[in-house]
Amino acid sequence: MNLFKKFPFKDKPNTAVITCVHILNEKQPILYVSHDADDGCWQFLCGREHSVEESKIVALEEIYEMDKSIKKIANLDYGKKAYRKDKNSKWSIQ
């Protein structure tokens with residue numbers, strides 16, 4: 001299938017990830033990404049503080065379709081975080 005060849009992540013496109021309503025509503029860009037060490041979960045957030053109600057679970061491919069620039073951090077190791085100032089800024093890894 002063509003999607004799997006072009007998909008830059010090692011995880012499957014339908015992998016559940018955490019995001020926030022700010023990103024899903026496309027009002028905020030993805031500015032913070034974490035790849036959790038304990039369970040390998042991805043989090044794609046806007047960089048603001050969030051309530052539990054603002055958290056959403058979506059497929060990794062949905063986030064990728066919204067912002068293809070995350071392919072630059074597709075190989076982010078477990079336990080690492082990536083930040084950027086705005087959508088046009090370079091990712092910084094910590």
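The following exercises, each with a worked solution, concern the sheet, the core, the aromatic pairs, the cysteines and two lysines of a predicted model.

Residues are numbered from 1 along each chain as its sequence is written, and side-chain values use heavy atoms, with hydrogens and water left out. Because the model is predicted, local features need pLDDT of at least 70 and side-chain atom pairs count only at pLDDT 80 or more, while totals for chains, interfaces and linings use all residues.

**Exercise 1. The sheet**

Determine the order of the strands in the sheet and identify the edge strands.

Solution. Helices (H or I, at least four residues) and strands (E, at least two) are DSSP runs, numbered from the N terminus. Two strands pair if DSSP finds at least two bridges between them. On this basis, six strands make up an open sheet with mixed pairing, in the order S4-S1-S3-S2-S5-S6. Strand S4 (55-59) and strand S6 (92-93) are the edge strands, since each pairs on one side only.

Next, consider the pairings of S1. Strands S1 and S4 are antiparallel and share five bridges; one of the bridge partners is Ala59 in S4, which faces Ala16. S1 and S3, by contrast, run parallel and are joined by two bridges. In general, strands of a sheet pair through backbone hydrogen bonds, either parallel or antiparallel.

**Exercise 2. The surroundings of Thr19**

Describe where Thr19 lies, whether Thr19 is buried or exposed, and which residues Thr19 touches.

Solution. Step one: Thr19 belongs to strand S1. Step two: buried means under 20% relative accessible area, exposed over 50%, and partly exposed in between (1.4 Å probe, protein chains only). With a relative accessible area of 0%, Thr19 is therefore buried.

Step three: the bridge partner of Thr19 in S4 is Lys56, and in S3 Thr19 stands opposite Phe44. A polar atom of the Thr19 side chain also lies 2.8 Å from the backbone oxygen of Phe44.

Step four: contact means heavy atoms within 4.5 Å. Not counting residues up to four places away in sequence, Thr19 touches Leu24, Phe44, Leu45, Glu54, Ser55, Lys56, Val58 and Ile63.

**Exercise 3. The nonpolar core**

State how many residues the largest nonpolar core has and which elements supply at least two of its residues.

Solution. A nonpolar core is a set of buried Ala, Val, Leu, Ile, Met, Phe, Trp, Tyr and Cys residues joined through side-chain atoms within 4.5 Å. The largest such core has 22 residues, and those with the most contacts inside it are Phe9, Ile30, Val33, Phe44, Ile63 and Ile70. At least two residues of this core come from each of strand S1 (16-20), strand S2 (32-35), strand S3 (42-45) and helix H3 (60-66).

Ile70 serves as an example. Leaving aside neighbours within four places in sequence, Ile70 is in contact with Phe9, Ile30, Phe44, Ile63, Tyr64 and Trp91.

**Exercise 4. Aromatic pairs**

Explain why the pair of Phe9 and Tyr64 ties together parts that are apart in sequence.

Solution. Rings of Phe, Tyr and Trp (its six-membered ring) pair if their centres lie within 6.5 Å; planes under 30 degrees apart count as stacked, over 60 as edge-to-face and the rest as tilted. The structure holds seven aromatic pairs. In one of them, Phe9 and Tyr64 are edge-to-face, at 6.4 Å centre to centre and 80 degrees between the planes. Phe9 lies in the loop between helix H1 (2-6) and S1, and Tyr64 in helix H3, so the pair links parts 55 residues apart in sequence.

Both Phe9 and Tyr64 are buried. They also belong to one aromatic cluster, formed by Phe7, Phe9, Trp42, Phe44 and Tyr64.

**Exercise 5. The cysteines**

Establish how many disulfides the model contains and why Cys20 has no such bond.

Solution. A disulfide is a pair of cysteine sulfur atoms within 2.5 Å. By this rule there are zero disulfides. The closest cysteine sulfur to that of Cys20 belongs to Cys46 and is 3.8 Å away, therefore too far for a bond. Cys41 is in no disulfide either, as the nearest cysteine sulfur, that of Cys20, is 14 Å away. Cys20 is buried at 0% relative accessibility, and Cys41 is buried at 18%.

**Exercise 6. Two lysines in loops**

Classify Lys87 and Lys72 as buried, partly exposed or exposed.

Solution. Lys87, in the loop between strand S5 (80-83) and S6, has a relative accessible area of 42% and is therefore partly exposed. Lys72, in the loop between H3 and S5, is exposed at 67% relative accessibility.

Methods. A polar contact is a pair of N or O atoms within 3.5 Å; within protein, one must be able to donate a hydrogen and the other to accept it, and residues adjacent in sequence count only if both atoms are side-chain atoms.
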